[in-house]
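Reader: I am in my first year and still learning to read a structure slowly. Could you take me closely through one part of this one, and then show me how other parts of it are put together?

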Amino acid sequence: MRNTVKRYNPPKREIDEMMKPMKSWGLIAGLAGLLACAVARAATATSQWEQPCTELADEIAGILGPGQAQLTIRNASAVSTDEIPAIRRLLEQDLKAKGVQASGAESANAIRVTLSENLRERLWVAEIVEGNETRVAMVTSVLELAAAPSAADKVILQKQQIWHSIWVSDLDPFRGFQSDDSVFAANFTHNGELVLMEPGFIKIARHGFGGYSFHGANIFELPQRQLQARDPRGIIQLSTDGKNFKAFTSGIECDGTFAPPADPSDFKVIGWTVHCHASDDPWPILQIESSTAAPPLKAFFNAARDYFTGVVTPSVAAELPPFYSAALLPRPDGAGLLIDGIDGKVQLAESGSLKTVSGTRDWGSDFAALHSACGTGTQIIASGSGEAITDSLRAYELPALEAIPASAPLAMEGTVTALWSEPDGKSVFAIVRKAAGPGRADSYEVDRVSANCN
Amino acid sequence: MFRQIAISCLLTAMALPAVAHTRPHYGGTLRVEVEGDPWQRPGGLARQLVLDGLTATSVDGNVRPALAVEWKPENDNHRWQFKLRSDVHFHNGTLVSSTNVVAALTAICGAGCPWTTVRAVGSSVIFLSDAPLPSLPELLATDEYRIALSGAEDGALPAGSIGTGPFQFVSFSNGVLLLAANDNCWQGRPFLDSVEIHAHRSIHDQWLDLSVGRADLVEVPAEQLRHAHEQRLNVVVSGPASLLALTVSDTGVLSNANLRASIAYAIDRSALSNVIFQKQGEITGSLLPAELTGYSFLFSTERDLNKAHELRGGASSQQLTIVAEGGPEMQLAAQRMALNLRDAGFNIQVASSGAAQHVDITLRKIALESSEPGPALELMLRKAGSPAPVLEQTPASLYKIERQILDAHMVIPLLYLPCAYGVGGRVRDLRLRADGSPLLAGASLEDAP
């Protein structure tokens, strides 16, 4: 058909004639599809009420016994009023099956059903009135959360959980607890081992059956410090061959070196040694990507105030204010250094001057650059404001001096506490603190976030 | 109330700068003003900053680890084991051990503790009780059971002021309590360098100081929330944080259950809410708020004067005494209750708390200390003076417990009230716990040096 059209190139009227039967079939197929969707939706909508209706009818029949009663339904919940007729129908059917006939106002008995809810669940309450006596029955069902809205954008962010904190309870060895030790930096070695910084420790884990596991020999203690911040920060920078790393946290610098273990089959010995010492040296915050041989951009860190002072080496042409995060972006005139000032202003240092970037009001204090094949090729992945318990990440592009959203927000199911680019720049690491629920401490996970073109 | 919360959020949003949110800044002194005593137990703001409990309550109202990292019930909640966090130190450098935790708990409640025995075993603290204590983790998170180092007083500091919290006691002079950041806090150093709490400041003076920038955090009583909004204060408001309730004696003339029921029917909650609390309360007939259970509509909140008269039946002309625990608004509310009861034929007088020799009815606020309905109910019953274990957590079983308690008319729920604070423009990340108290350890100052 396509070849014919190409050769002949018929007028529109002729095409319409040729398409007529197809249009009819298409119309029928479309209608059938719509009908199927409507039926499926109605079935889904009805099916979610079947269980609570059946359970409530059981409870009511158990109290009232066979007979007649006037049934009223009041909606005091978020259930749509459109759903009430279906719920009523189901309830009447279930009651009838158990010998209770829903009748008119003339009945001496009454069943007053209230569709209620609390913070955790739906609660359906039936007040069964027989003469002067009122008895109560209740059933619960799960409260579904509304689906997150989606948006069509240049990129779609995806996350992959690569590690999450777990330790085993001392009181109950069969009970897994989530550790409340905060993780504030992570990276991968050339062998794929995971290096984590926690308050007081650097831990190196090898991936095995069931995920990453730590052995005592690969947990290295950090020297005692005077100040332990409430939101500790750190960085783990790998050497270009991945066989060494430098780790920095408030007032401490550590060197990790790898030497192949004598017995490679010994799972517990993975060949790393770590030596730490007190240090106020600047942290290597960014690798200048045009040349991996070039020294990284280093920034001095104020351990008492938990931010970078603005003094960087090698120096950039512009004078930088104190900042929390930085990212290197390709710009028409070379590279620009994007910084997040402690005053909340996001500024771009390029061509020897510092320019304010707009459109960043929704940004939190963490961002990192990501190189993808989408849009302009470089996106800034920024955390949300951090005010919400469930934080999000979103991609932005910076064609000029206004940050333009390039993706929908990616929900992180926790608070993003650190964010930085992976060495190849094709994905970013995020550390997420998650509220673990009653009786549990917060837990931490390391996620890898990458971008797909939309 | 939700309208007011929305307004509060709007005002907060208006106050936001048009720049990105940053990490919290370290440094600076937060100036807080309070009407009461910041060191009072329970509820003193300074106590919450200086002392930790074995457990704590999070912003969402759930119990979570604090000085204890985990816990385990045994023997049907008659025995509990709490394992302590290692390497935690009191402000004076003393290591926290199970022995000094047991000493602290014993100093708090002595022979009147909810448990029968508490003892130290290794790095654990063991609680034993004759009655089951299913909500012990939640109970230990309340202000009552914060751990202070016992026997370490050197005269310079008040008794029980050496804790493990994010701030440590520095001084208390001329009505100003000064706390400094605990650099070695197990939770990490707080963002603020210090907190200055000005005690015994009237609400009027607090608001004045906030408006001229002399205070960063001031109190906004529920009954003055509307006024605070009119004055365009930046206000943070909690959800339902405390239950305003009458507790009714079951002795003397009130041992007659019909008289107690008559009191319950005579109360006009709407007038109380509209007149005294300026529509800032949530009228309730149940102990737990609707948000936690979904069934509170089953408890009537309507006034029925005929029924009140009928139940009283001319039974008593003996004078009853009502007292109110709390400030002037509680006295006003008690007077309102007395008017309601006189309408129903009761002979009642309002007395000031502490002055009355015999109290028949007490108007009080009972804090909602958990967002788990079972523990919340159990803690409320304990505070209302009727401790009872709440072993089942389903709405149906909680409803049965509430129905049984409320049908005795010894506790009459009236209103749920929020907690609110006026917040200065430089304060960031201030959150409130489920009980409405501010989490100052997580707050910071925008203009910190």
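Author: Let us begin with a right-handed β-α-β unit, which is made by β1(A), helix α3 (residues 84-97) of chain A and β2(A); please keep in mind throughout that the model is a predicted one. Strand β1 covers residues 67-75 of chain A and strand β2 covers residues 100-103 of chain A, and the two run parallel, joined by four bridges. If you would like one pair to look for in the picture, take Gly67(A), whose bridge partner in β2(A) is Val100(A).

The unit can now be set against the division of the chain: chain A has a domain 1 (46-146) and a domain 2 (184-281), and the C-alpha centres of domain 1 of chain A and domain 2 of chain A lie 59 Å apart.

Chain A also offers an example of antiparallel pairing, in an open sheet of four strands whose order is β6-β32-β31-β30. The edges of this sheet are taken by β6 (155-164) and β30 (415-421) of chain A, and because each has a single partner strand, one side of each is left without a neighbour in the sheet. On average, and with direction ignored, neighbouring strands of the sheet are turned by 25 degrees against each other. The pairing of β6(A) with strand β32 (residues 443-453) of chain A is antiparallel and extends over nine bridges, and here you may look for Gln160(A), which stands opposite Arg448(A) in β32(A).

Turning to chain B, we find three domains: domain 1 (1-50 + 165-234 + 424-449), domain 2 (52-150) and domain 3 (241-418). Between domain 2 of chain B and domain 3 of chain B the C-alpha centres lie 31 Å apart, and the contact takes 13 residues from domain 2 of chain B and eleven residues from domain 3 of chain B. On the side of domain 2 of chain B that touches domain 3 of chain B, six residues are nonpolar, five are polar and two are charged.

Chain B also shows how two helices can pack, since helix α8 (residues 269-276) of chain B and helix α11 (residues 328-343) of chain B meet at an angle of about 145 degrees, with their axes 10 Å apart, in a crossing of α8(B) and α11(B) that is right-handed. To this contact α8(B) gives Ala271(B), Leu272(B), Val275(B) and Ile276(B), while α11(B) gives Glu329(B), Leu332(B), Ala333(B) and Arg336(B). Sorted by class, the contact of α8(B) with α11(B) has six nonpolar, no polar and two charged residues.

How values were computed: Residues numbered from 1 in each chain as written. Chains lettered and ligands numbered in written order. Predicted model: local features only at pLDDT ≥ 70, side-chain atom pairs only at ≥ 80, totals over all residues. Domains from an automatic or database assignment. Contact = placed C-beta atoms within 7 Å. Nonpolar A, V, L, I, M, F, W, Y, C, P; charged D, E, K, R; others polar. Pairing = 2+ DSSP bridges. Right-handed = clockwise from strand over helix to strand, strands pointing away. Axes fitted to C-alpha atoms, helices over the stretch in contact; angles between N-to-C directions. Left-handed = near helix turned anticlockwise from the far one by under 90°.
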